[in-house]
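Reader: Please take one residue of this structure and look closely at its surroundings. Then follow the chain outward from there, with the numbers.

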Amino acid sequence: MAPLPVSLSPATQTEHRIAWLTLCVGGVAAITAVLLHNLLWAAGLLIGSILAWFNFRWLRQGMDALVAAAEAQSGASRPRVPVGAYFRAVFRYALIAFTVYVIFKVLKVPLASMVVGLCALGPAAVAASAYEVAHSPAAGR
């Protein structure tokens with residue numbers, strides 16, 4: 001017997017929607033570049049959108065850890081932020097920058113294409129927000 005699906009909060013559903021829309025936006029951009037016969041740009045767009053997806057996941061995990069730490073210290077007069085939270089925030093950007101640099105140097109993928117691919121998170125967030133507005137209880141009135 002299969003386990004019953006866990007009901008996700010609306011915020012969690014939106015986060016999941018943003019995550020897969022980021023990959024979809026990058027995929028559509030990469031397919032468009034392939035159709036325009038520019039394989040290096042297609043690779044860069046796809047790589048950038050995958051890195052944006054990782055960045056979003058790591059950001060979400062970091063925020064979840066901060067919320068858990070804040071809830072655990074709710075009665076403290078001076079709550080402490082774990083040092084690991086700062087490290088993960090900086091490490092996330094350093095890892096993405098290092099990955100982009102290595103791909104740019106080794107595979108000769110255009111830097112601009114990866115940067116544009118990293119921007120796939122923006123349209124994904126806008127699309128997910130528009131979906132939430134269109135499907136909100138107030139929109140049904």
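**Trp41 and its surroundings**

Author: With neighbours within four places in sequence set aside, the contacts of Trp41 are Ala33, Pro110, Ala112, Ser113 and Val116. The model is a predicted one. Trp41 belongs to helix H2, which spans residues 39-72. Its relative accessible area is 30%, so Trp41 is partly exposed, as the value falls between the 20% limit for buried and the 50% limit for exposed. Gln13 is 28 residues from Trp41 along the chain, and the two C-alpha atoms are 31 Å apart.

The loop between H1 and H2 holds His37. The phi angle of His37 is positive, near 60°, although this residue is not a glycine. His37 is exposed, because its relative accessibility is 73%. Lys108 has a phi near 60° as well, again a positive value outside glycine. The place of Lys108 is the loop between H3 and helix H4, the latter covering 111-118. Lys108 too counts as exposed, at a relative accessible area of 56%. As background, a negative phi is found in most residues other than glycine.

Pro110, Ala112, Ser113 and Val116 are among the contacts of Trp41, and Ala112, Ser113 and Val116 have numbers that fall in the range of helix H4. On the other side of the loop that holds Lys108 is H3, which runs over residues 83-107. A nonpolar surface patch is made up of Phe98, Tyr101, Val102, Val106 and Leu107, with a joint accessible area of about 520 Å². One of its members, Phe98, is placed in helix H3 and is exposed, at a relative accessible area of 54%. Tyr93 is in helix H3 as well, but at 49% relative accessible area it is partly exposed, which puts it under the limit of 50% for an exposed residue. Between the C-alpha atoms of Tyr93 and Asn55 the distance is 8.0 Å, with their positions 38 residues apart in sequence.

Back along the chain from Trp41, helix H1 covers residues 10-35 and includes Thr22. Thr22 is buried, because its relative accessibility is 0%. Beyond its neighbours within four places in sequence, Thr22 has contacts to Ser49, Ala52, Trp53, Ala120, Leu121 and Ala124. Of these, Ser49, Ala52 and Trp53 carry numbers in the range of helix H2, while Leu121 and Ala124 carry numbers in the range of helix H5. Within helix H1 the side chain of Thr22 also places a polar atom 2.7 Å from the backbone oxygen of Ile18.

Opposite charges on side chains can pair when the charged atoms come close. The whole structure contains two salt bridges. One joins the side chains of Arg60 and Glu15, at 4.0 Å from N to O. Arg60 is in helix H2 and Glu15 in helix H1, so this bridge ties together parts separated by 45 residues in sequence. Arg60 is buried at 18% relative accessibility, whereas Glu15 is partly exposed at 26%.

The other salt bridge pairs Arg17 with Glu132, whose closest N and O atoms are 2.4 Å apart. Arg17 is in helix H1 and Glu132 in helix H5, residues 121-134, and this pair links distant parts of the chain, 115 residues apart. Arg17 is buried, its relative accessible area being 16%. Glu132 is partly exposed, its relative accessibility being 27%.

Cysteine pairing can be dealt with briefly. No disulfides are found anywhere in the structure. Cys24 takes part in none, and its nearest cysteine sulfur belongs to Cys119, 17 Å away. Cys119 is likewise in no disulfide, the nearest cysteine sulfur being that of Cys24 at 17 Å. The limit for a disulfide is 2.5 Å between the sulfur atoms, so a separation of 17 Å does not meet it. Cys24 is partly exposed at 38% relative accessible area, and Cys119 is partly exposed at 48% relative accessibility.

How values were computed:
Residues are numbered from 1 along each chain as its sequence is written. This is a predicted model: local features need pLDDT of at least 70, side-chain atom pairs count only at pLDDT 80 or more; totals for chains, interfaces and linings use all residues. Side-chain values use heavy atoms; hydrogens and water are left out. Patches are made of residues with over 30% relative accessible area and no salt bridge: like charges are joined within 9 Å, nonpolar side chains (Val, Leu, Ile, Met, Phe, Trp, Tyr) within 5 Å. Accessible areas come from the Shrake-Rupley method with a 1.4 Å probe; for residues, only the protein chains shown count as cover. Helices (H or I, at least four residues) and strands (E, at least two) are DSSP runs, numbered from the N terminus. Buried means under 20% relative accessible area, exposed over 50%, partly exposed in between (1.4 Å probe, protein chains only). A polar contact is a pair of N or O atoms within 3.5 Å; within protein, one must be able to donate a hydrogen and the other to accept it, and residues adjacent in sequence count only if both atoms are side-chain atoms. Contact means heavy atoms within 4.5 Å.
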